[in-house]
Amino acid sequence: MTREMTGKCLCGSVIITVTDAHDPSVGACHCRMCQRWSGGVFLCFEAKPGTVGVRGEVARYASSAFAERAFCPRCGSHLWMRDTDSADAPYDLMPGLFDAAAGWPLRSEIYTDRAMACVSLAGNHERATEDEYEAKNSHVNERN
């Protein structure tokens, strides 16, 4: 999908603009860290760093040795998760910030064996258990 898209946090203090092509589908993560951060399931879509513009104050938290999670320091809205070990790492943006994302399909789901009983995502999309995902992503050692 190519077109400018703007999203905002709950209070409107942070405005995020995506100005180029991005994947108009959503990924879901059920790892324990994402459950703690989101309250259940983490949802995101990827956008390249050169296409993401951010206005407003953003707080960042180093949630692991290789990633940060960003949020609005005023209202607490979650904004993105991003690997910090590479300058060209994409943003994993929160789709709920963007009105345009309301109709996007679910692309993938990881840590499916750790999903909370109240979260069951239907549909025909890629799925991976903890062991399957970590076997393909050796930099991740979630076990917390």
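**View 1. Strand 7 and strand 8 run antiparallel, held by 5 bridges.** This is a close-up of a predicted model, and we start with the hairpin. Strand 7 covers residues 67–71 and strand 8 covers 78–83. Look across the pair and you'll find R69 facing M81, its bridge partner in strand 8. At the turn end, 6 residues sit between the two strands, and G76 takes a positive phi near 85°.

**View 2. On to strand 9, which pairs with strand 8 in the antiparallel sense.** Strand 9 is made of residues 91–93, and 3 bridges connect it with strand 8. M81 shows up again here: D92 is its bridge partner in strand 9. So which residue of strand 9 stands opposite W80? That would be L93. As a reminder for reading views like this one, side chains in a regular strand alternate between the two faces of the sheet.

**View 3. Pulling back, we get an open sheet of 8 strands with mixed pairing.** Reading across, the order goes 6-7-8-9-4-3-10-11, so the hairpin strands 7 and 8 appear side by side, followed by strand 9. Why is one side of strand 6 and of strand 11 left without a neighbour in the sheet? Strand 6 (59–62) and strand 11 stand at the edges and each has a single partner strand, so there is nothing in the sheet on the other side. On average, neighbouring strands here are turned by 25° against each other, direction ignored.

**View 4. The other sheet is open too, with 3 strands in the order 1-2-5.** Its pairing is antiparallel. Strand 1 (5–8) and strand 5 (52–55) are the edge strands; each has a single partner strand, so one side of each lacks a neighbour in the sheet. Neighbouring strands are turned by 20° against each other on average, again ignoring direction. Zoom in on strand 1 and strand 2 (residues 15–18) and you'll see antiparallel pairing over 4 bridges. T6 and T17 make a nice landmark: T6 stands opposite T17 in strand 2.

**View 5. Here is the largest pocket, with a volume of about 630 Å³.** Its lining takes in 30 residues, and those nearest the centre are M81, D83, D92, I110 and Y133. M81 and D92 are the bridge partners from View 2. Which elements give two or more residues to the lining? They are strand 3 (26–29), helix 1 (32–38), strand 4 (42–47), strand 7, strand 8 and strand 10 (106–110). Sorted by class, the lining has 16 nonpolar residues, 7 polar ones and 7 charged ones.

**View 6. The second largest pocket holds about 200 Å³ of space.** Lining it are S108, E109, I110, E126, R127, A128, E132, Y133, K136 and N137. Strand 10, strand 11 (126–128) and helix 2 (130–136) are the elements that give two or more residues to this lining. By class, that makes 5 charged, 3 nonpolar and 2 polar residues. I110 and Y133 may look familiar, as they are also among the residues nearest the centre of the largest pocket.

**View 7. Two residues from that lining, E109 and R127, form a salt bridge.** Their closest N and O atoms are 3.5 Å apart. The pair links distant parts of the chain, with E109 in strand 10 and R127 in strand 11, 18 residues apart. Is E109 buried or exposed? Buried: its relative accessible area is 5%. R127, on the other hand, is partly exposed at 42% relative accessibility.

**View 8. E130 and R114 meet through their side chains in a salt bridge.** The N to O distance is 3.5 Å. E130 lies in helix 2 while R114 lies in the loop between strand 10 and strand 11, so this contact ties together parts that are 16 residues apart in sequence. E130 is buried, with a relative accessible area of 11%. Its partner R114 is partly exposed at 22%.

**View 9. Last stop: the salt bridge between E68 and R60.** Here the N to O distance is 3.4 Å. E68 counts as buried, at 13% relative accessibility. How many salt bridges does the model have? The count comes to 4, with the E68–R60 pair among them.

Definitions and conventions. Residues are numbered from 1 along each chain as its sequence is written. This is a predicted model: local features need pLDDT of at least 70, side-chain atom pairs count only at pLDDT 80 or more; totals for chains, interfaces and linings use all residues. Side-chain values use heavy atoms; hydrogens and water are left out. Two strands pair if DSSP finds at least two bridges between them. Axes are lines fitted to C-alpha atoms, for helices over the stretch in contact, and angles run from 0 to 180 degrees between N-to-C directions. On a 1 Å grid over the protein atoms alone, a cavity is a set of points where a 1.4 Å probe fits but cannot get out, and a pocket is an open set with protein on both sides within 12 Å along at least five of seven lines; lining residues have an atom within 4 Å of a point. Grid points are joined across faces, edges and corners, and a volume is the space filled by probe spheres set on the points. Ala, Val, Leu, Ile, Met, Phe, Trp, Tyr, Cys and Pro count as nonpolar, Asp, Glu, Lys and Arg as charged, and the others, Gly among them, as polar. Buried means under 20% relative accessible area, exposed over 50%, partly exposed in between (1.4 Å probe, protein chains only).
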